[in-house]
Amino acid sequence: MKKLILLFAIIIASCTAPVEEPKGSGMWAGDENETFTVGSDEMTEMYMKFIDAHNNRDIETIKSMEAEDIRIDVPNGSRIEGPEAHGEALKAWFESGADPKWNVFWVMPYIGQPSGQTWIVGGHSLTQIIDGQEVTTIQMIDAQVEEGVFKWAIIYEKQSPTQE
């Protein structure tokens, strides 16, 4: 009987254990209390679908994955605002003969705590034809996702080292 009471007490105690809120790590200058936790693989899949749509020149799929007020900050300092403007810019690029191709080499979704903002950061190589030469740059994208679509993307870039 004592064993049964002890077992019952253990079960009750384990059922009432408090659930800890995610603490996260890192920092953001805009809020001293904000930290970050790892996001879901669903976010990684969304990001890969977005990049695949670029490689497949599927502008309609790209636009469908963007918020109506998407903001894209590109490496040259300019900004693209809205899916239509993004679609027009991509169409011109795809038709220019540059033949851009993206090759993702890492992706990390993350969630702000306690804000709940969802972001994804990813790195890829971008290979394209510039002045008749194949040129590869390394890019990193930091993108905010809101309500299942991309809301804001910041693209950073560096030239790939020359191979000799």
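**Exercise 1.** In which strand is the place of Met-108?

*Solution.* Met-108 sits in strand S4. Strands are DSSP runs of E with at least two residues, helices runs of H or I with at least four, both numbered from the N terminus. This is a predicted model: local features need pLDDT of at least 70, side-chain atom pairs count only at pLDDT 80 or more, and totals for chains, interfaces and linings use all residues. Residues are numbered from 1 along each chain as its sequence is written, and side-chain values use heavy atoms, without hydrogens and water.

**Exercise 2.** Find out why Met-108 counts as partly exposed.

*Solution.* Start with the cut-offs: buried is under 20% relative accessible area, exposed is over 50%, and partly exposed lies in between (1.4 Å probe, protein chains only). Met-108 has a relative accessible area of 33%, so Met-108 is partly exposed.

**Exercise 3.** Place the salt bridge of Asp-99 in the chain.

*Solution.* A salt bridge needs a side-chain nitrogen of Lys or Arg within 4 Å of a carboxyl oxygen of Asp or Glu. Asp-99 pairs with Arg-57, at 2.9 Å from N to O. Asp-99 lies in the loop between helix H4 (83–95) and S4. Arg-57 lies in the loop between helix H2 (41–55) and helix H3 (59–64). The two are 42 residues apart.

**Exercise 4.** Trace the network that includes Arg-71.

*Solution.* Arg-71 bridges to Asp-73, with the closest N and O atoms 3.2 Å apart. Arg-79 bridges to Glu-81, at 4.0 Å. Salt bridges link these four residues, Arg-71, Asp-73, Arg-79 and Glu-81, in a network. Asp-73 is buried, at 13% relative accessible area, whereas Glu-81 is exposed, at 54%.
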